[in-house]
Amino acid sequence: MSTTPFGRRLCPVTESRASGGYRVFSLHDAEGPEPLPGQFYMLAAERRWGEGGARPFLPRALSVADVGNGGGGVRLDFLVEGVGPGSDRLCELAPGENVWVNGPLGNGFSAPGDLAPGAAGAILVGGGIGIAPLALLRRRFADRGVPVRVLLGFRDAAHSGGLDDLFACCEVGLASEDGHAGHRGYVTELLAAMLDGDDAASAAVYSCGPPAMLDAVAALCAERGVACELAMEAPMACGYGACFGCAVPKPDGGYMRLCVDGPVVRGG
Ligand SMILES: Cc1cc2nc3c(=O)[nH]c(=O)nc-3n(C[C@H](O)[C@H](O)[C@H](O)COP(=O)(O)OP(=O)(O)OC[C@H]3O[C@@H](n4cnc5c(N)ncnc54)[C@H](O)[C@@H]3O)c2cc1C
Ligand code: FES
């Protein structure tokens with residue numbers, strides 16, 4: 001079996017549990033390299049995937065939310081929200097099943113100092129299921145002694161999760177549109193208040209979430225001269241640059257393939 005990043009391999013499910021309105025499941029990747037925060041995998045269950053002519057057919061993209069070592073390989077944790085046939089099937093995975101895995105794919109987040117020379121700290125801003133890649137990013141920054149502040153927002157209780165599983169060990173500024181947790185409103189309101197109390201050059205912002213939230217984060221950062229990186233999404237068929245299904249327009253003209261030129265892009 002190939003161990004190259006693009007080599008598809010079967011990995012066993014070792015755990016799957018509910019996490020609020022989402023699910024966390026873990027795979028044991030015996031051969032794959034350890035992923036960078038921001039990278040993603042194309043996943044397809046070995047069974048009940050395209051069988052009987054029913055969707056899902058193509059693999060689905062999921063960001064890696066956490067990793068662990070042990071057992072002679074890498075433990076990959078994913079946070080998934082069931083929104084259709086592919087993600088619903090991934091939510092149903094149980095230990096003992098296998099998943100076809102391709103990855104890690106795409107690029108990762110940069111260090112604060114690489115985004116802005118004076119930036120020593122990081123502000124992570126996540127919305128909904130977009131909190132997933134920020135969990136591993138927070139862990140890696142903490143490992144390297146980078147000061148990190150975390151702001152997470154959810155629509156309502158049914159569309160929230162992952163906090164106890166992925167952010168249990170750190171302080172989180174919370175917002176929810178229905179007021180069930182933390183500040184009632186948008187997480188971008190917490191970000192605006194935080195940036196206004198900051199020296200703009202002291203931290204870089206890292207964000208993942210719904211497109212409208214990412215637009216708001218990018219605008220807030222641009223207004224204040226704060227460097228930011230955004231993890232974006234587009235429907236993906238292959239995940240490694242071959243199908244052009246994930247092409248998105250670039251601000252200066254032309255297109256980029258989000259799976260190879262992203263999913264992490266500079267704000268603006
Ligand atoms: C790089 C990347 C990382 C991702 N990480 C995660 C993750 O960590 N956890 C998670 O739960 N989901 C993640 N997603 C989204 C996930 O891939 C989709 O939710 C999933 O493919 C939907 O498939 P489905 O069969 O469940 O639903 P479908 O029926 O295929 O789609 C349901 C609805 O979502 C829309 N949609 C599907 N895929 C996308 C997309 N990529 N962007 C915008 N709209 C889409 C469809 O148009 C449709 O309206 C990620 C996507 C990308 C590209
Ligand atoms: S998903 Fe195929 S080119 Fe990006």
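Which residue just after H3 takes a positive phi? Gly145 does, at about 75°. Helix H3 gets its own panel below, in a set of close-ups drawn from a predicted model.

**View 1. Helix H3 and the glycine that follows.** Helix H3 covers residues 132-143, and 9 of its 12 residues are buried, so the helix is largely enclosed by the rest of the structure. The buried set is Ala132, Pro133, Leu134, Ala135, Leu136, Leu137, Arg138, Arg140 and Phe141. Note that two arginines, Arg138 and Arg140, are in that list. Gly145, with its positive phi, comes just after the helix.

**View 2. Leu79 and its neighbours in strand E6.** Leu79 sits in E6, the strand made of residues 74-80. With a relative accessibility of 3%, Leu79 counts as buried, because the cut-off for that label is under 20%. Leaving out residues up to four places away in sequence, Leu79 touches Tyr22, Arg23, Val24, Leu62, Ala65, Ile129, Ile131, Ala132, Gly161, Gly162 and Leu166. One of these contacts, Ala132, is also among the buried residues of H3. For a reference distance, try Pro35: Leu79 and Pro35 are 44 residues apart in sequence, and their C-alpha atoms are 15 Å apart.

**View 3. Ser26, a buried serine with a polar partner.** Strand E2, residues 22-29, holds Ser26. At 2% relative accessibility this serine counts as buried. Its side chain makes a polar contact with the side chain of Asp77, at 2.7 Å. Asp77 also turns up in the list of residues that Ser26 touches, along with Pro12, Val13, Thr14, Glu15, Arg75 and Leu76; residues up to four places away in sequence are not counted there.

**View 4. Helices H5 and H6 side by side.** H5 (residues 187-196) and H6 (residues 211-224) pack at an angle of about 15°, and their axes are 10 Å apart. The two helices are therefore roughly parallel to each other, and their crossing is right-handed. On the H5 side, the residues that meet H6 are Val187, Thr188, Leu191, Ala192, Leu195 and Asp196. Facing them from H6 are Met213, Ala216, Val217, Leu220, Cys221 and Arg224. Sorted by class, this contact has 9 nonpolar, 1 polar and 2 charged residues.

**View 5. Two cis peptide bonds.** Most peptide bonds are trans. Here is a pair to check against that background. The bond from Arg55 to Pro56 is cis, with omega near 5°, and Pro56 lies in the loop between strands E3 (40-45) and E4 (60-63). The bond from Gly103 to Pro104 is cis as well, with omega near 5°. Pro104, though, is placed in a strand, namely E7 (residues 98-105).

**View 6. Positive phi at Arg48 and Phe244.** Most residues other than glycine have a negative phi. Arg48 has a positive phi of about 55° although it is not a glycine. Arg48 is in the loop between E3 and E4, and with a relative accessible area of 48% it is partly exposed. Phe244 has a positive phi too, of about 60°, again without being a glycine. The loop that holds Phe244 runs between strand E13 (228-231) and strand E14 (247-249). Is Phe244 buried or exposed? Its relative accessible area is 54%, so Phe244 is exposed.

Conventions. Residues are numbered from 1 along each chain as its sequence is written. Chains are lettered from A and ligands numbered from 1 in the order in which they are written. This is a predicted model: local features need pLDDT of at least 70, side-chain atom pairs count only at pLDDT 80 or more; totals for chains, interfaces and linings use all residues. Side-chain values use heavy atoms; hydrogens and water are left out. Helices (H or I, at least four residues) and strands (E, at least two) are DSSP runs, numbered from the N terminus. Buried means under 20% relative accessible area, exposed over 50%, partly exposed in between (1.4 Å probe, protein chains only). A polar contact is a pair of N or O atoms within 3.5 Å; within protein, one must be able to donate a hydrogen and the other to accept it, and residues adjacent in sequence count only if both atoms are side-chain atoms. Contact means heavy atoms within 4.5 Å. Axes are lines fitted to C-alpha atoms, for helices over the stretch in contact, and angles run from 0 to 180 degrees between N-to-C directions. Angles under 35 degrees count as roughly parallel, over 145 as roughly antiparallel, 65 to 115 as roughly perpendicular and the rest as oblique. A crossing is left-handed if the near helix is turned anticlockwise from the far one by less than a right angle, and right-handed if clockwise. Ala, Val, Leu, Ile, Met, Phe, Trp, Tyr, Cys and Pro count as nonpolar, Asp, Glu, Lys and Arg as charged, and the others, Gly among them, as polar.
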